[in-house]
Amino acid sequence: MEYEDVVTSESGEEITESSEPMQLLIQESKEEDELSSVHEDKKKIQEQERKKWQEERVRDMEYLWGEDSFEYSLNLIEHRLEERRSLQRIGQQWSSSACIFRLPDAFIDINCKAQQPEIVSIGPFHRGKEHLLEFEEHKWLFLDRLLSRPGVFRMDLKQYLRKMRQMEKRARDCYSEAIPMSTHDFVEMMLLDSCFVVEIFRYIDCHSRSDMISDTGDPIYGRRPWLIPVLVRDLFKLENQLPLFILESFFIASKSPEEYRSPRSFGKLAIEVFGLVSPGLVSPILSDTITFHQDLKAKHLLDLLHSSLLPQNHLTNRKRRDRYHRPAQSIQSVTQLRPSGIKFRSRKSESMLDIRYHNGVLEIPSITINDFTAAVLINCVAWEQCLEDEFKYFSQYVSFMNCLISQPRDVAFLCLDGIISRFSNDDQYVANLFNNLSNYKVFNSRDCYLYKQFKEIEAYYCSNWATLRRTYFSIPWSFILVFSAFFLIVLIMIQTAMSVLSYQRQFG
């Protein structure tokens, strides 16, 4: 990334009066409106000239070949075909840069808390909704906090606004649909939301490192600290995203001297805050491996979280293509696999997706199912469905767990094995979560990172020993009957042998 436009003000002094930045903002807005109106007039003139040129060309073709001639039809069709090819090329360029999408329709009815923002709107998709307006006032407070920071680059509001104006086109291209907002409204929204996200992460991180009691005037920690998990959960939802390059740019531009000497990037800060709110999902060791978000090539916060939760060996798994084709019937559920001799154990791992199977033992990292993890699963799966050529790790993980969980009883067994913690939810809720996330899509095990586990579990389940175990030893009474029959046969053989020996001694 380049930061050549991050410079100090000409006077080298920080602005101390709060009215001056607002005057600059108003002045910039007026200038921007004037430029916007001039730009719109130019576009209208160009559009009128283009239509006029097309009409003249059609009249020329009619004059040269006649309206009923073959050449006229051919040229007109070729002209319209070329217009659509141009539109298609423009659409391909736009779609290749889009990375912030609406939630797919199949996810809408799964869990409203996990899909829609609950207290804060980030970006244009939910802007202006009534139940999210309270935090709009808090955004101005955090913008003022960011502008008041003793930054190394000493940037003021005018420079931040100019910086955002320069990134407007690239930011608009990140959204999957056209944003019907004027330049002023869009730039103000992106500036306000980006500074809020950057500063709220610093705010949460600072409070987590200090033991001091928060001031009662503090809008969050002093009054409603329970909002922090809900707030962080909102920042990682698919429809509530901002381009990560903007967040990283503002984070660097507002670094204090202490932050500037630290190698911690904004991506690492975001993952650490996520780990504070949900320590069971993000390992401290994993957060230490994140240096710069460029290493993960993340496009927004959800993409960053998704990338950080993948197993470390996911790159090697992507290179291997399995030739094994799973039959139409998926692997069996927990209640079917346990009688066959397969044992279930929880394991400690840096990634919740790191499932292993060896010698009849299936090891699954433990997971707590609550509102936070449900939001992570739903939004990560939805994000993967918006990507065409990427490996769908969360989708495959959910499909694997859905195979194991077909009823609440399967969840109860996994809870006994320490793999699932329900928190305040019941077994039916957990079963419905995995079932609903897997119902809408076709699962292809050929490209699954768990292909080895699928193959080995199926091979074991179909083996003669597993069939014998679930047929004759699945319940205690079956084992007692088999053992009694075997013991009776042994007694008969002993009695027969004793009779033969007695006969030989008597007549021998």
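These are my notebook entries on cysteines, cavities, aromatic rings and backbone angles in a predicted model.

**Ground rules.** I work with a predicted model, where local features need pLDDT of at least 70, side-chain atom pairs count only at pLDDT 80 or more, and totals for chains, interfaces and linings use all residues. Residues are numbered from 1 along each chain as its sequence is written, and side-chain values use heavy atoms, with hydrogens and water left out.

**Cysteines.** I looked for disulfides, meaning pairs of cysteine sulfur atoms within 2.5 Å. The search of the whole structure returned zero. I then checked burial, where buried means under 20% relative accessible area, exposed over 50%, and partly exposed in between (1.4 Å probe, protein chains only). C195 is buried at 0%. C415 is buried too, at 19%.

**Cavities.** Rolling a probe the size of a water molecule over the atoms shows where empty space is left. I used a 1 Å grid over the protein atoms alone; a cavity is a set of points where a 1.4 Å probe fits but cannot get out, and lining residues have an atom within 4 Å of a point. Points are joined across faces, edges and corners, and a volume is the space filled by probe spheres set on the points. I found four cavities of 30 Å³ or more. The largest has a volume of about 70 Å³.

Which residues line the largest cavity? I listed R233, F236, K237, F274, L302, L305, F372, A375, V376 and N379. I sorted them with Ala, Val, Leu, Ile, Met, Phe, Trp, Tyr, Cys and Pro as nonpolar, Asp, Glu, Lys and Arg as charged, and the others, Gly among them, as polar. That gives seven nonpolar, one polar and two charged.

For the elements, helices (H or I, at least four residues) and strands (E, at least two) are DSSP runs, numbered from the N terminus. α14 (301–308) and α17 (371–385) each supply at least two lining residues. α17 gives the most, with four.

**Aromatic rings.** I paired rings of Phe, Tyr and Trp (its six-membered ring) with centres within 6.5 Å; planes under 30 degrees apart count as stacked, over 60 as edge-to-face and the rest as tilted. The count is 14 aromatic pairs. F251 and F266 have ring centres 5.7 Å apart and planes at 55 degrees, so I logged the pair as tilted. F251 lies in α9 (residues 244–253) and F266 in α11 (residues 266–277), so the pair ties together parts 15 residues apart in sequence. F251 is buried at 2%, and F266 is buried at 0%.

F274 and F372 also form a tilted pair, 5.2 Å centre to centre with 55 degrees between the planes. F274 lies in α11 and F372 in α17, so this pair links parts 98 residues apart in sequence. F274 is buried at 0%, and F372 is buried at 7%. Both appear in the lining of the largest cavity.

I also noted one aromatic cluster of F135, F142, F196 and Y203.

**Charges over rings.** My rule was NZ of Lys or CZ of Arg within 6 Å of the ring centre and within 35 degrees of the ring normal. The charged end of R102 sits over the ring of F125, 4.2 Å from its centre. R172 does so over F186, at 4.3 Å.

**Positive phi.** R154 is not a glycine, yet has a positive phi of about 50 degrees. I placed R154 in the loop between α4 (134–147) and α5 (157–166). Buried or partly exposed? R154 is partly exposed at 38%. N359, also not a glycine, has a positive phi of about 55 degrees. N359 lies in the loop between β2 (356–358) and β3 (361–365), and is exposed at 66%.

Technical notes: 1 Å grid on protein atoms, 1.4 Å probe; cavity = no way out; pocket = protein on both sides within 12 Å on 5 of 7 lines; lining within 4 Å.
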